[in-house]
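Opening my notebook for this one. I'll jot down what I look up, one stop at a time.

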Amino acid sequence: MPVSQKAIFHLQSLDRWKAKTRRSKRFLQSREPKLTEGQKSSMIIRGGNSSETVSQALKDVYALKKPNAVLYKRKNMVRPFDDSTALEFFSKKSDCSLFLFGSHNKKRPNNLIFGRMFDFHVLDMFELGIERFVSLRDVKTDTCPEGTKPLLVFAGELFETDREHQRLRNLLTDFFCGPRVSAVRLAGLEHVLHFTALEGKIYMRSYKVLLKKSGCRTPRIQLQDMGPSFDFVMRRNHMASDDLYKTAHRQPRGVKPKKKKNISHDAFGTRLGRLHMQKQDLDKLQTRKMKGLRKRRGEQTAETAAAAAKAPRTDE
């Protein structure tokens with residue numbers, strides 16, 4: 001369903017609205033930029049032409065992303081690489097900065113496009129073709145609870161050397177990272193997403209972590225295939241320029257931590273401090289007095305005896 005120009009104009013006028021009620025005031029305040037942004041939301045959109053594989057893949061990814069995702073059930077005639085106006089409209093309407101678009105045609109069958117926004121404009125997106133897909137409903141095992149933060153693992157030399165794969169790794173991390181937390185307990189590590197780059201393909205696997213008895217305090221870790229599983233092949237991509245990418249990662253002054261002088265941290269996170277002191281005269285250093293080191297009456301040290309021998313004698 002194409003987006004009308006009237007709807008786009010109506011949404012662009014949100015910035016010029018003046019709140020007349022408390023509800024509208026809270027709505028406008030939630031859309032204002034903040035120093036520390038909340039959890040990123042994702043919108044999952046199905047194209048005008050889609051296959052059963054693409055539809056089920058979108059549903060499975062939505063199951064992994066809930067509750068921070070919006071699933072569009074209607075078909076939308078959108079071509080992201082030709083015109084991204086509709087995606088930008090949906091992004092501003094649902095307040096989502098990440099998107100997943102699925103489509104299917106003869107030239108590019110079973111197509112998924114992962115992308116993200118900056119200031120409600122497309123920053124970068126990658127087109128991946130599905131060669132093999134195993135759905136959640138095909139794996140008869142228990143799944144993780146809704147909203148579980150996954151553990152992301154990237155394997156493959158291409159993720160370290162190739163520029164496109166590095167940007168794709170950054171995008172997938174942004175898409176699947178989940179909520180940001182300060183600490184994670186051992187029992188909370190329930191879900192693992194493993195990405196492997198090998199011979200021009202991307203293998204995505206989803207596992208559930210099982211904690212087994214090991215006879216000691218640390219449990220034995222066992223991974224159980226949970227689904228969904230994908231075998232992707234790289235297709236088209238649209239990457240932001242270096243200047244725009246740097247601007248998107250810029251942090252405001254209020255967020256940057258203030259640098260403290262003479263304080264550093266080692267590789268293990270231990271806090272180290274440096275103190276500057278004046279030069280000390282150790283000859284005048286006052287040490288602890290002990291009874292065993294006191295001089296007794298009638299005892300002469302070697303220095304005292306030598307000084308007495310050198311002294312001149314006087315006869316009365």
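**Entry 1: the end of a helix.** I started at Asp-95, which comes right after helix H4 and has a positive phi, near 55°. I'm keeping in mind that this is a predicted model.

Next I went back along H4 itself, residues 85-94. Is it mostly covered or mostly open? Mostly covered: 7 of its 10 residues are buried. I wrote down their names: Ala-86, Leu-87, Glu-88, Phe-89, Phe-90, Ser-91 and Lys-92. So charged residues can be on a buried list too, since buried just means under 20% relative accessible area.

**Entry 2: two strands and a helix.** I looked up strand E1 (residues 42-47) and strand E2 (residues 69-76). They run parallel, and 5 bridges join them. Which residue of E2 does Arg-46 stand opposite? I found Lys-75 there.

Then I added helix H3, residues 52-65. Together E1, H3 and E2 make a right-handed β-α-β unit.

I wanted to check the length of H3. It has 14 residues, and at 1.5 Å a residue they should span 20 Å. The rule counts one less than the number of residues, because that is how the expected span is defined. The C-alpha atoms at the two ends of H3 are 20 Å apart, so the check agrees.

Who is buried in H3? My list has Val-54, Ser-55, Gln-56, Ala-57, Leu-58, Asp-60, Val-61, Leu-64 and Lys-65. A reminder to myself: an α-helix has 3.6 residues a turn, so residues three or four places apart point the same way.

**Entry 3: from H3 to H6.** I followed Val-61 across to Phe-176. Their C-alpha atoms are 9.5 Å apart, although 115 residues separate them along the chain. Phe-176 sits in helix H6, residues 163-176. Buried or exposed? At 3% relative accessibility, Phe-176 counts as buried.

**Entry 4: a cysteine in a loop.** Cys-144 is in the loop between strand E5 (121-134) and strand E6 (151-155). Being in a loop doesn't leave it open here: its relative accessible area is 15%, so Cys-144 is buried. I also noted Met-226, 82 residues away along the chain, with 8.5 Å between the two C-alpha atoms.

**Entry 5: a patch on the surface.** Last stop was a nonpolar surface patch of about 670 Å². Its members are Leu-151, Val-181, Val-184, Leu-186, Leu-189, Leu-211, Ile-221 and Leu-223. I picked Leu-223, which is in strand E9 (residues 220-225). With a relative accessible area of 47%, Leu-223 is partly exposed.

Technical notes: Residues are numbered from 1 along each chain as its sequence is written. This is a predicted model: local features need pLDDT of at least 70, side-chain atom pairs count only at pLDDT 80 or more; totals for chains, interfaces and linings use all residues. Side-chain values use heavy atoms; hydrogens and water are left out. Patches are made of residues with over 30% relative accessible area and no salt bridge: like charges are joined within 9 Å, nonpolar side chains (Val, Leu, Ile, Met, Phe, Trp, Tyr) within 5 Å. Accessible areas come from the Shrake-Rupley method with a 1.4 Å probe; for residues, only the protein chains shown count as cover. A salt bridge is a side-chain nitrogen of Lys or Arg within 4 Å of a carboxyl oxygen of Asp or Glu. Helices (H or I, at least four residues) and strands (E, at least two) are DSSP runs, numbered from the N terminus. Buried means under 20% relative accessible area, exposed over 50%, partly exposed in between (1.4 Å probe, protein chains only). Two strands pair if DSSP finds at least two bridges between them. A crossover is right-handed if, with the strands pointing away from the viewer, the path from the first strand over the helix to the second runs clockwise.
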